[in-house]
Amino acid sequence: MGVDVFFVISGFLITAHLVSKPPRTAKDVGKFWMRRVRRLLPASFLVILSSILAVWAVAPATVWRDWGLQGLASTFYFQNWYLAGTSVDYMAEGEAESPFQHFWSLSVEEQFYFIWPIMIGLLVLGALRAGIKPRAAVLGGVGDCRPGTEPALVALSD
């Protein structure tokens, strides 16, 4: 449940940031991504590299291939898809846990960070082309559900 709460809070904060300063150009999206890269990649790469070295040093050779692939999947933030594709049961007992298995949540978060600014940027671009206020289009597109706010279609007509 803790990961779910984290996803909700993180998604809310990133959405609030993007709604207050929506990307209007590809350069804006690139800047958004680079801020995340500078914040997350150094630490995650250090953990992944250290884990790979530890796997080679102490883990049995029978897990090297799978765990190496999981390290690669974690590096490029598709660990969640790798685990789903290899039918890994995260809650299974008796199986050796990979040191990369917990990267699934960071993968989900990074995929959200990759897609969300593009979607909001497309809403802004569509609004500018249609002569609609970009903020109204973004709020309507992402569903402004705060108490006391107007329904999305009413906000778009402003």
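Tutor: A helix is here a DSSP run of H or I with at least four residues, and helices are numbered from the N terminus. The model in question is predicted. Just after helix α5, G131 takes a positive phi of about 75 degrees.

Student: Which residue has a positive phi although it is not a glycine?

Tutor: Y77 does, at about 60 degrees. Most residues other than glycine have a negative phi. Y77 is found in the loop between α3 and α4.

Student: Why is Y77 called buried or exposed?

Tutor: Buried means under 20% relative accessible area. Y77 has 12%, and is therefore buried. Y77 also belongs to the largest nonpolar core, which has eleven residues, among them W67, F100 and F103.

Student: Which helix gives the largest share of that core?

Tutor: Helix α2, residues 26–58, contributes four residues. A second, separate core has ten residues, including V19, Y113, W116 and I120.

Student: Which residues does F103 touch, leaving out those up to four places away in sequence?

Tutor: F103 touches S44, V47, I48, S74 and Q79.

Student: Why is the pair of F6 and F7 called tilted?

Tutor: Two rings pair if their centres lie within 6.5 Å, and planes that are neither under 30 degrees apart nor over 60 count as tilted. The centres of F6 and F7 are 6.2 Å apart and their planes stand at 50 degrees, so this is a tilted pair. The count of aromatic pairs comes to six.

Student: How do you know whether F6 and F7 are buried, exposed or partly exposed?

Tutor: Partly exposed is the range between 20% and 50%. F6 has a relative accessible area of 41% and F7 one of 23%, so F6 and F7 both count as partly exposed.

Student: What makes F32 and Y113 an edge-to-face pair?

Tutor: Their centres are 6.4 Å apart and their planes stand at 90 degrees. The limits are within 6.5 Å for a pair and over 60 degrees for edge-to-face, so the name applies. Both F32 and Y113 are buried. Together with F112 and W116, they form one aromatic cluster.

Student: Why is this pair said to tie parts together?

Tutor: F32 lies in helix α2 and Y113 in helix α5 (residues 104–130), so the pair ties together parts that are 81 residues apart in sequence.

Student: What makes R36 a charge over these rings?

Tutor: The distance limit is 6 Å from the ring centre. The charged end of R36 sits over the ring of F32 at 4.0 Å from its centre, and over the ring of Y113 at 5.6 Å.

Student: How do you know how the span of α5 compares with what is expected?

Tutor: α5 has 27 residues and reaches 39 Å from its first C-alpha to its last, close to the 39 Å expected. Its buried residues include L106, Y113, W116 and I120. The buried residues of α5 pack against α1, α2, α4 and α6.

Student: Which elements have the lowest and the highest mean pLDDT?

Tutor: Helix α7 (residues 152–156) has the lowest, 43, and helix α3 (residues 64–75) the highest, 94. Over residues 151–158 the pLDDT is below 50, and this stretch has eight contacts in the model beyond near neighbours in sequence. Where pLDDT is low, the predicted coordinates should not be read in detail. The protein averages 84, and 85% of the residues score at least 70.

Technical notes: Residues numbered from 1 in each chain as written. Predicted model: local features only at pLDDT ≥ 70, side-chain atom pairs only at ≥ 80, totals over all residues. Heavy atoms only, no water. Core = buried A, V, L, I, M, F, W, Y, C linked by side-chain atoms within 4.5 Å. Buried < 20%, exposed > 50% of the residue type's maximum accessible area, 1.4 Å probe, protein only. Helix = DSSP H or I, 4+ residues; strand = E, 2+ residues; numbered from the N terminus. Contact = heavy atoms within 4.5 Å. pLDDT = per-residue confidence, 0-100. Lys NZ or Arg CZ within 6 Å of the ring centre and 35° of its normal. Expected span 1.5 Å × (residues − 1).
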